[in-house]
Amino acid sequence: MVAITRPVSPPLLARRLLRRHPSTQTVSFAGVRPLIIPTESSGHFRRRRCQVSQSSEPPTPVSDPGTPHDDDDDSLRVAFVCGGAGGHVYAAFALADELRASLPSSRSLFLGSPAPSLEAASAASSSYPFVPIPPCLPRAFLAAALHLRRFRPHFLVATGGPPALPTCIAALLLRLPFVIQDQDAGPAPATRLLAPLAQRIFLAFNAPVRLLPKRKCAVYGNPVRMSIRDCQVPKAAAMARFFPGAGLVGEEGAEVLLVLGGTVGSPQINVAVLNMYYEMLTTKKNRYIIWQTGPEDFCEMESLVRGHRRLFLTPFLREMDITYAATDVVVSRAGSVSCTEILVTGKPAILIPLPTIVDDHQTKNAYIMADVMGAKVMRN
């Protein structure tokens, strides 16, 4: 039986990321408590004492992440490396948002796969600077080392994905401390490899603790984007964003089904929905479907689907706060962050885990969701 813990709020996880750990820095978000952090000097990181700013002004934008900062700059600098699946990317951005909300003077830098990638697109739509890490391992290591040395962060946060491994190795050689945030019920191979070298390992579930250095592990759940957690948009207004010409969109008893296939989409889910969507819409006049096909299958699905005023077809959904506000039931893959967002928003869910993922962690995630909130699990 896997022990379950309730996902906690990102502010607590962000604070935990910055607490004292033996052989690392001391940071506090409250008051003007002294902050001891490693900084670079003559190719090494030395310990320096500074004060946490309480200014309410927005942080100074980092227009050029490759430009070194002045040694007299006391603002906290944090580098985030993420890539690949949406869970890795959204977790990093959720942590960065919470850090900026708690410590407005802090600065963040994102490292990830070159465009077109989810992390590059997410950074472009936000105020965070982004630098690409090439896919070739030797070049990835050199690029990561160069960007870290120029930005000189006080520590690195790795949330997973292909760029994480070379970036963490580069951080080790630069004597830069790094922490890992793993989102799944089973630790990723890179997490197992880097765990002995990391300062701390933050986990979403209890189960992976037995496979990692226990003294370094802390179970704090997955971070959730502030826009989703704090969304106060009424359902009628949210529905109007997707179905502006659907008549009485806010009518009583309207049922909205959200279909998600993960970041890149799911051909199996798309085919299943294609075979039943029209019957679902014609048998119930108050039913609406928001269907994310994924970018690869969108054109094919669009050519096969008959247009309907109660069907919203899209390759990708970015405003997930509005999407969840409009939704009554979710059909989704069982990615870690998707499961956490479903849990936080309290939506009934049908989860279809992807069995080909490494360690089959989506199946583990899905059955944990079944135990915690009664989600229905379907195997494909």
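**View A. The largest nonpolar core and its most connected members.** In this predicted model, the largest nonpolar core holds 30 residues, of which Leu111, Leu148, Leu156, Phe178 and Ile201 touch the most other members. Two or more residues apiece are given to this core by the strands E3 (77-81), E4 (107-112), E6 (155-158), E7 (178-182) and E8 (200-203), together with the helices H4 (137-151) and H5 (164-173). Helix H4 supplies the largest share, which amounts to six residues.

**View B. The surroundings of Ile201.** When its neighbours within four places in sequence are left aside, Ile201 is in contact with Ile180, Thr191 and Ala195, and also with Leu212, Pro213, Lys216, Cys217 and Ala218.

**View C. Another core, apart from the largest one.** A core of 27 residues lies apart from the largest nonpolar core, and its members include Tyr288, Ile290, Ile322 and Ala349.

**View D. Helix H2, residues 86-102.** From its first C-alpha to its last, the 17-residue helix H2 reaches 24 Å, which is close to the 24 Å expected at 1.5 Å a residue. Because 13 of the 17 residues of H2 are buried, this helix is largely enclosed by the rest of the structure.

**View E. Two cysteines, Cys82 and Cys136.** With a relative accessible area of 1%, Cys82 is buried, whereas Cys136, at 38% relative accessibility, counts as partly exposed because its value falls between the 20% limit for buried residues and the 50% limit for exposed ones. A search of the whole structure finds zero disulfides.

Key. Residues are numbered from 1 along each chain as its sequence is written. This is a predicted model: local features need pLDDT of at least 70, side-chain atom pairs count only at pLDDT 80 or more; totals for chains, interfaces and linings use all residues. Side-chain values use heavy atoms; hydrogens and water are left out. Helices (H or I, at least four residues) and strands (E, at least two) are DSSP runs, numbered from the N terminus. The expected span of a helix is 1.5 Å times one less than its number of residues. Buried means under 20% relative accessible area, exposed over 50%, partly exposed in between (1.4 Å probe, protein chains only). A disulfide is a pair of cysteine sulfur atoms within 2.5 Å. A nonpolar core is a set of buried Ala, Val, Leu, Ile, Met, Phe, Trp, Tyr and Cys residues joined through side-chain atoms within 4.5 Å. Contact means heavy atoms within 4.5 Å.
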